[in-house]
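Work through the exercises below with the structure open beside you. Try each task before you read its solution.

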Amino acid sequence: MSSRPPDFTRFRVVVCLGPGGVGKTTMSAALAIMSASRGRAVDVMTVDPAPRLLDALGLEGGASEPRPVPLDGLRAAKGKAARLRAMKLDPKGTFDALVARYAPSAAARDAILANRIYRNLSNALAGVGDYMAMEKLLELASDAATDQVVLDTPPAAEALDFLDAPRRLLELLSSRAVTLLGAPAGLLRQFRFVDLAARAVLSAFDRVTGLNLLSDVQAFVQGFEGMYEGFADRARRANALLHASDTAVVMVTTPEAGRIAQARQFLESLGKAELSVKAVIVNRAMAPLPDAREIASAKIPAALKRKLIRNLADFAALKERESRSLDALREAMPAGASLILSRELEHEPRSLADLASIAGRLTAA
Amino acid sequence: MKLSRVFFITGKGGTGKSTVAAALALALSRRRPTTLADLDGRLAAADIVGAALGDSASARVSDSLEVVALSQRAELHSFIKRIVPVSAISERMLRSRTFGYVTAALPGLEAFLLMERLRIMAGEAALQDRHIVIDAPASGTALELLAVASGVKGIAPAGTLNRLAAAVEEFLADQGLFSAVITVTPEELAMREALDTARVLQKMRIEVAGAILNRSPLPLFTDSELRVLDTLGEHRLLAHRRVSEREAADKAREHLERAGIPVFELPMLYRAAIGAREVSALSRKLAAAMIAE
């Protein structure tokens with residue numbers, strides 16, 4: 001565990017992972033603003049920002065492509081122009097664009113886009129959002145005019161949900177399955193037993209649901225036949241990008257005990273996936289508490305002093321709770337990762353200046 | 001508060017859903033047998049009441065309190081076993097990588113089966129005069145879960161699945177059987193999310209039994225006292241923080257009540273650890289506020 005916070009501005013890609021509700025989006029925006037204010041050309045992709053944050057980034061109404069964020073009031077490093085663009089991921093639109101790119105013909109593209117299974121997939125199947133975030137990341141990172149891409153990730157129960165998404169989707173589209181479901185029944189003997197099981201289950205579903213799922217799935221996988229290689233290639237490149245040495249995987253959490261437990265599970269999964277975590281940022285950490293002796297020497301009524309002492313003791317208990325959580329987190333820190341504290345603000349971040357001050361106040365724990 | 005059979009506890013991440021679910025289950029279990037159902041896989045609420053689940057899906061905490069762990073994946077497994085009666089095929093299927101087709105072919109199926117399971121559990125609980133407290137996911141995911149039955153009805157316009165979906169919808173709209181409890185903390189974002197969640201639930205005709213305003217502090221300082229503290233730098237800030245958290249709690253209460261939602265406060269516990277004793281204390285507060293008859 002290293003003691004100094006890494007210089008996040010020097011990475012080509014920064015990916016913020018973590019449990020839901022810990023401020024991943026806020027932290028992504030803060031890190032992006034920090035890099036931009038040091039003269040880097042930065043894109044930040046958010047997934048599900050709170051309305052205030054949307055406003056702060058100028059994303060009201062949604063922006064599925066990067067849109068410039070006016071940095072008035074934020075000073076860039078001397079002589080360098082800051083450039084920050086922000087966008088909000090549109091999983092469906094990204095998926096449609098990917099299909100359009102790899103479809104062998106306009107007819108094939110339209111057939112897929114109209115397929116019921118595809119329409120369900122792109123807005124309902126868990127993992128599609130994750131996959132599309134990766135896809136968009138690849139696209140943004142391939143722009144030579146951009147120095148850094150900061151990626152916020154969808155809330156996930158498991159860190160690997162995100163990292164695993166391309167593999168899971170590819171499995172679904174794999175050519176072996178295509179042959180299976182598209183094959184005439186007479187040829188089915190030569191396929192593996194499990195593939196027959198898939199068919200059996202889908203026919204059973206048809207009976208229960210009154211639908212024609214088997215044929216829908218057939219049409220769907222056949223439609224993807226010509227595109228599989230293109231998709232697989234993108235997924236490989238996205239995976240390589242995540243593992244690249246100039247990519248920083250940053251885990252965000254809060255000091256609350258439940259979140260720390262989740263964060264520890266995330267770290268374990270990331271270790272298994274051989275993804276090195278550069279930093280764990282504990283968001284909304286408490287500031288150091290003032291000295292009790294200041295109360296004793298103050299010229300105020302004794303009753304008020306007692307209240308101040310009680311107030312201090314109350315907050316000290318919370319501080320102690322936090323420090324126990326941080327100890328639990330320290331035990332799980334991977335080699336080479338820094339533990340960083342982000343002190344809580346007095347109010348929720350509302351403006352670019354608030355976000356900039358978050359980044360400016362990161363300290364090593 | 002009117003006691004429904006099933007309490008579905010949701011709220012913004014970090015507002016104390018699991019703690020509130022555990023405390024409510026403890027409170028109810030002093031009156032009637034109660035089941036605490038954990039939906040999130042982390043078993044946070046189960047941990048809080050001290051249930052040692054290990055690999056099993058249920059554990060008994062006391063004579064009147066049991067904990068069950070439910071998962072969408074487990075429900076899908078048992079469903080497939082039911083509809084594909086040849087166990088050799090269903091077993092192989094469950095282990096195969098082509099399993100993804102089933103979920104892809106019918107998005108929301110797993111979530112729906114979980115809701116169906118809750119409906120059946122509620123029916124049993126009604127017969128046995130028991131309560132069920134569900135430690136549900138955070139509001140966004142929870143609302144998707146509650147809306148899944150109507151989605152399934154759209155996907156499967158006829159057949160067994162359609163009938164089951166209609167039954168789940170009926171269950172959710174039955175105020176005696178099902179109600180939602182929203183956890184909220186004295187923070188702007190948590191309050192906004194609670195209001196949004198309540199609005200969506202009301203639109204879905206799901207009863208909102210109340211909002212639990214968790215971690216509400218006592219103000220401790222009066223305005224005139226705060227003015228005296230000007231010279232005390234950081235202590236002044238800490239006192240202001242206490243007071244402004246109280247103000248945020250009052251504001252949250254006001255907004256929620258204006259939206260027609262009963263608000264029940266749980267105190268902020270200034271303790272270095274939240275253990276069994278603290279949760280038991282919270283459960284007594286809840287019992288006094290919510291379920292006094």
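Four exercises follow, each with a worked solution.

This is a predicted model, so local features need pLDDT of at least 70, side-chain atom pairs count only at pLDDT 80 or more, and totals for chains, interfaces and linings use all residues. Residues are numbered from 1 along each chain as its sequence is written, while chains are lettered from A and ligands numbered from 1 in the order in which they are written.

**Exercise 1. Find the edge strands of the open sheet of nine strands in chain A.**

Step 1. Read the order: β3-β4-β2-β5-β1-β6-β7-β8-β9, with mixed pairing. Strands are DSSP runs of E with at least two residues, numbered from the N terminus. Two strands pair if DSSP finds at least two bridges between them.

Step 2. Go to the edges. β3 (67–68) and β9 (363–364) of chain A each have a single partner strand, so one side of each lacks a neighbour in the sheet.

Step 3. Look at one pair. β7 (residues 277–285) and β8 (residues 338–343) of chain A run parallel over five bridges. A:Ala279 stands opposite A:Ser338 in β8(A).

**Exercise 2. Describe how α1 and α15 of chain A pack.**

Step 1. Take the angle and distance. Helix α1 (residues 24–37) and helix α15 (residues 352–360) of chain A pack at about 85°, with axes 8 Å apart. Helices are DSSP runs of H or I with at least four residues. Axes are lines fitted to C-alpha atoms over the stretch in contact, and angles run from 0 to 180 degrees between N-to-C directions.

Step 2. Classify the angle. α1(A) and α15(A) are therefore roughly perpendicular (65 to 115 degrees).

Step 3. Sort the residues of this contact: ten are nonpolar, two polar and none charged. Nonpolar means Ala, Val, Leu, Ile, Met, Phe, Trp, Tyr, Cys and Pro; charged means Asp, Glu, Lys and Arg; the others, Gly among them, are polar.

**Exercise 3. Do the same for α6 and α11 of chain A.**

Step 1. The axes of α6 (residues 128–141) and α11 (residues 228–243) of chain A come within 9 Å and cross at roughly 75°.

Step 2. α6(A) and α11(A) are therefore roughly perpendicular.

Step 3. This contact has six nonpolar, no polar and three charged residues.

**Exercise 4. Is B:Leu237 buried, partly exposed or exposed?**

Step 1. Locate B:Leu237 in helix α11 (residues 233–258) of chain B.

Step 2. Count: 14 other C-beta atoms lie within 10 Å, so B:Leu237 is partly exposed. With C-beta atoms placed from the backbone, 20 or more within 10 Å means buried, 12 or fewer exposed, and in between partly exposed.

Conventions:
Parallel < 35°, antiparallel > 145°, perpendicular 65-115°, else oblique.
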